Every structure is written in structure tokens, then in C-alpha cells.
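Biologist: Before I accept the labels on this model, I would like to see each one set against its criterion. Can we go through them in turn?

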Amino acid sequence: MTVTPGNEHPESAEDSTADVHPTKISRTWFPTNKWEQLGERLYNVFVTNFPSNAVRVATLRIFGAEIGADTRIELGVRVLGIQQLHIGAGCVIGTRSLVDARGEIVIADNVIVERDVQLIS
């Protein structure tokens with residue numbers, strides 16, 4: 001790269017083509033689509049307190065989460081980023097936990113997450 005007079009801080013080709021505006025707000029924390037947004041609202045407001053593990057797990061699967069067999073999601077678990085959530089088989093997510101998978105969370109098989117835990121990606 002050549003430095004010319006008046007250009008003491010040259011930018012690489014990648015930097016010069018990027019359209020970055022300092023006042024733009026990063027939207028990476030928004031749900032990726034309306035289906036996921038609907039799923040988050042429905043699950044976190046109504047389904048998370050429904051007294052059936054099968055209904056809670058089925059709802060998360062319908063809205064895009066990958067959840068293995070024999071996994072238990074306890075009451076009051078709040079989930080963000082449903083489509084980026086991957087939980088293995090035989091796992092337990094404890095009561096009143098927060099699972100923020102907006103940056104993707106992968107939980108392996110046979111993992112127990114205690115109550116009141118926050119998993120944030």
C-alpha cells in the first residue's frame with residue numbers, strides 16, 4: 001500500500017468499501033425475522049409459565065430451535081434468539097434462567113443448567 005501526501009492514514013480496500021455510518025445503530029440484537037419475533041413474544045409471555053414441558057419444548061421447536069430428545073425446559077425460562085438455539089439430548093435448563101441465543105448458543109448432550117443462570121452470547 002502506498003501512502004500519498006494528504007493520506008497519512010491509508011485505508012485498506014475492505015475498509016474503504018464498507019458503508020459504515022457512525023450514527024447507525026447496530027441491529028444485531030433484533031430478532032432475525034417476524035416469525036422469530038412472534039415466537040419470542042409468544043413463548044416468553046405465555047408458554048414459559050405453562051405447566052407442561054412438552055408444550056414449552058414443542059413451541060421452541062416450532063419457532064426454529066433445535067432441541068434434542070428428553071430435554072427439559074423448566075418453568076420461567078426466558079429465551080431470546082430462538083432460531084440460533086441448539087440444545088442437545090438429555091439436557092435440563094433450570095427455572096427462571098435466561099438463554100440469550102441471539103449470537104447462537106450450542107449446548108451439548110446431557111448438560112444441566114441450574115436455576116437463575118444467564119447464558120448470553
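Modeller: Start with the cut-off for burial: a residue counts as buried under 20% relative accessible area, as exposed over 50%, and as partly exposed in between. Bear in mind throughout that this is a predicted model.

Biologist: Why is Ile105 called buried?

Modeller: Ile105 has a relative accessibility of 10%. The limit for burial is under 20%, so Ile105 counts as buried.

Biologist: Where is Ile105 placed, and what is Ile105 in contact with beyond its neighbours within four places in sequence?

Modeller: Ile105 is in strand S7. Leaving aside neighbours within four places in sequence, its contacts are Gln84, Leu85, His86, Val99, Asp100, Leu119, Ile120 and Ser121. With Ser121, the C-alpha to C-alpha distance is 6.5 Å, at a separation of 16 residues in sequence.

Biologist: What makes Asp100 buried, and what is Arg102 by the same scale?

Modeller: Asp100 has a relative accessible area of 7%, so Asp100 is buried, the limit being under 20%. Arg102 has 32%, which lies between the limits of 20% and 50%, so Arg102 is partly exposed.

Biologist: How do you know that Asp100 and Arg102 form a salt bridge?

Modeller: The criterion is a side-chain nitrogen of Lys or Arg within 4 Å of a carboxyl oxygen of Asp or Glu. In the pair Asp100 and Arg102 the closest N and O atoms are 2.6 Å apart, so the pair meets the criterion.

Biologist: How many salt bridges does the structure hold?

Modeller: There are 3. Another of them joins the side chains of Arg72 and Glu74, at 3.0 Å from N to O. Arg72 is partly exposed, because its relative accessibility is 37%.

Biologist: What makes Asp116 and Arg96 a salt bridge, and where do the two residues lie?

Modeller: Their closest N and O atoms are 2.8 Å apart, and the limit is 4 Å. The pair links distant parts of the chain, 20 residues apart: Asp116 is in the loop between strand S8 (112-113) and strand S9 (118-120), and Arg96 is in the loop between strand S5 (92-93) and strand S6 (98-100). Asp116 has 44% relative accessibility and therefore counts as partly exposed.

Biologist: What stands out in the backbone of Arg96 and Asp116?

Modeller: Arg96 has a positive phi of about 60° although it is not a glycine. Asp116 likewise has a positive phi of about 60° and is not a glycine.

Biologist: How do you know that strand S1 pairs with strand S4?

Modeller: Pairing requires at least two bridges between the strands. S1 and S4 (residues 85-87) are joined by 2 bridges, so they pair, and they run parallel. Glu66 has His86 in S4 as its bridge partner.

Biologist: What is the strand order of the sheet, and why are S1 and S7 called edge strands?

Modeller: The open sheet has 3 strands in the order S1-S4-S7, with parallel pairing. Strands S1 (66-67) and S7 (105-107) are its edges, each pairing on one side only. Overall the protein has 3 helices and 9 strands, and along the sequence the three helices come ahead of the strands, as α-α-α-β-β-β-β-β-β-β-β-β.

Biologist: What makes a set of residues a nonpolar core, and which residues have the most contacts inside the largest one?

Modeller: The members must be buried nonpolar residues joined through side-chain atoms within 4.5 Å. The largest such core has 20 residues, and Leu60, Ile73, Val79, Leu85, Ile87 and Ile93 have the most contacts inside it. Helix H3 (53-62), S4 and S7 each supply at least two residues of this core. Leu60 touches Tyr43, Ala65, Ile67, Ile73, Val79 and Ile82, leaving aside neighbours within four places in sequence.

Biologist: Why is Leu38 called partly exposed, and which patch does Leu38 help to make?

Modeller: Leu38 has a relative accessible area of 46%, which lies between 20% and 50%, so Leu38 is partly exposed. Leu38 lies in helix H2 (residues 34-45). With Trp35 and Ile62, Leu38 makes a nonpolar surface patch of about 320 Å².

Biologist: How much of the protein counts as buried?

Modeller: Of its 121 residues, 33% count as buried. The accessible surface comes to about 8,000 Å², with 56% of it belonging to carbon and sulfur atoms.

Technical notes: Residues numbered from 1 in each chain as written. Predicted model: local features only at pLDDT ≥ 70, side-chain atom pairs only at ≥ 80, totals over all residues. Heavy atoms only, no water. Buried < 20%, exposed > 50% of the residue type's maximum accessible area, 1.4 Å probe, protein only. Contact = heavy atoms within 4.5 Å. Patch = residues over 30% accessible without salt bridge, like charges linked within 9 Å, V, L, I, M, F, W, Y side chains within 5 Å. Areas by Shrake-Rupley, 256 points an atom, 1.4 Å probe, with all protein chains shown as cover.
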